[in-house]
Structure formats: C-alpha cells, structure tokens
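The exercises below are meant to be worked through with the sequence and the 3D view side by side. Each one sets a task and then solves it step by step.

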Amino acid sequence: RNPIIVVSALSCHRLMITSLVLAAKFQDDVFYGNRFYAKAGGLVLKELNMLEQRMLQLLDYRLVVSDEDFKVYRAIMSPATGNLEQPKGPASA
C-alpha cells in the first residue's frame, strides 16, 4: 500500500516487532507493555512507540484483514516459509 517503505535486512525486524505489537494489542485483552516489546525486539522504547504510531497511520487505523487480502499475502509469503502445511482447525475446515 505504501511504495516508499523498503523492507530490507536492516528494517525487517522493526516491521515484524511493530506488527506483533499491533496484533497483540488488537487481538488480546491482556498484553505486555511497549517497554517489554522494545527490549525483546532490540529497539529503544521511543523508536517502537514512533513505529507503532506510524504503522497505525499508514494502515489508516484499520487492523482488520479481509479474507481476500489474507489469501493474497499468504500466497506471497508462502514460498518464503517453505510452504509449511497449514494448521487444521475451524478456519481451515
């Protein structure tokens, strides 16, 4: 959605930890604070706070992923994961 964002070996962990923070806060009723996530991700708290705010802005504060978007990005990411078998469960039935 934003062509100016470059994912590289130097930025991928920032993207991943920021995504995890947003997912945890969106999905879970109980989650750790940003200080914990920053330490676990090797970031300074101030940087993680800024990344979280910026990612929310870039997503227009829309954290719900449609089934269609999920399938598109899953297809893109699948080769990188070695095409791991999908878990069996209610969503895949």
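**Exercise 1. Decide whether Arg62 is buried or exposed, and find its charged partner.**

Step 1. Arg62 has a relative accessible area of 54%, and therefore counts as exposed, given that buried means under 20% relative accessible area, exposed over 50%, and partly exposed in between, with a 1.4 Å probe and protein chains only. This is a predicted model, in which local features need pLDDT of at least 70 and side-chain atom pairs count only at pLDDT 80 or more, while totals for chains, interfaces and linings use all residues. Residues are numbered from 1 along each chain as its sequence is written, and side-chain values use heavy atoms, with hydrogens and water left out.

Step 2. The side chain of Arg62 meets that of Asp60 in a salt bridge, at 3.3 Å from N to O; the term stands for a side-chain nitrogen of Lys or Arg within 4 Å of a carboxyl oxygen of Asp or Glu. Asp60, at 39% relative accessible area, is partly exposed.

**Exercise 2. Find how many salt bridges the whole structure holds, and say which parts of the chain Glu47 and Lys25 tie together.**

Step 1. A search of the whole structure gives three salt bridges. Side chains of opposite charge can pair when their charged atoms come close.

Step 2. Glu47 forms a salt bridge with Arg14, and the closest N and O atoms of this pair are 2.6 Å apart. Because Glu47 lies in helix α3 and Arg14 in helix α1, the pair ties together parts that are 33 residues apart in sequence; helices here are DSSP runs of H or I with at least four residues, strands are runs of E with at least two, and both are numbered from the N terminus. Glu47 is partly exposed, with a relative accessible area of 24%, and Arg14 is partly exposed as well, with 27%.

Step 3. Lys25 forms a salt bridge with Glu52, with 2.9 Å between the closest N and O atoms. Lys25 belongs to helix α1 and Glu52 to helix α3, so this pair ties together parts that are 27 residues apart in sequence. Lys25 is partly exposed at 29% relative accessible area, whereas Glu52, at 11%, is buried.

**Exercise 3. Describe the order of the elements in the chain, and then place Val21.**

Step 1. The secondary structure comes to four helices and zero strands, and from the N terminus on the elements run α-α-α-α. Of the 93 residues of the chain, 15% count as buried.

Step 2. Val21 has its place in helix α1 and is buried, with a relative accessible area of 0%. Val21 and Asn34 are 13 residues apart in sequence, and their C-alpha atoms are 7.6 Å apart in space.

**Exercise 4. Work out which residues form the aromatic cluster, and how their rings are arranged.**

Step 1. Three aromatic pairs are found in a search of the whole structure; rings of Phe, Tyr and Trp (its six-membered ring) pair if their centres lie within 6.5 Å, and planes under 30 degrees apart count as stacked, over 60 as edge-to-face and the rest as tilted.

Step 2. The ring centres of Tyr32 and Phe36 are 4.1 Å apart and their planes stand at 25°, so this pair is stacked. Phe36 and Tyr37 form an edge-to-face pair, with 5.6 Å from centre to centre and 75° between the planes.

Step 3. Tyr32, Phe36 and Tyr37 form one aromatic cluster. Within the cluster, Tyr32 is exposed at 51% relative accessibility, Phe36 is partly exposed at 42%, and Tyr37 is buried at 12%.

**Exercise 5. Identify the element that gives the most residues to the lining of the largest pocket.**

Step 1. The elements that give two or more residues to this lining are α1, α3 (45-58) and α4 (67-77).

Step 2. Among these elements, α1 gives the most, with 11 residues. Leu15, which is found in helix α1 (residues 12-27), is partly exposed, at 37% relative accessibility.
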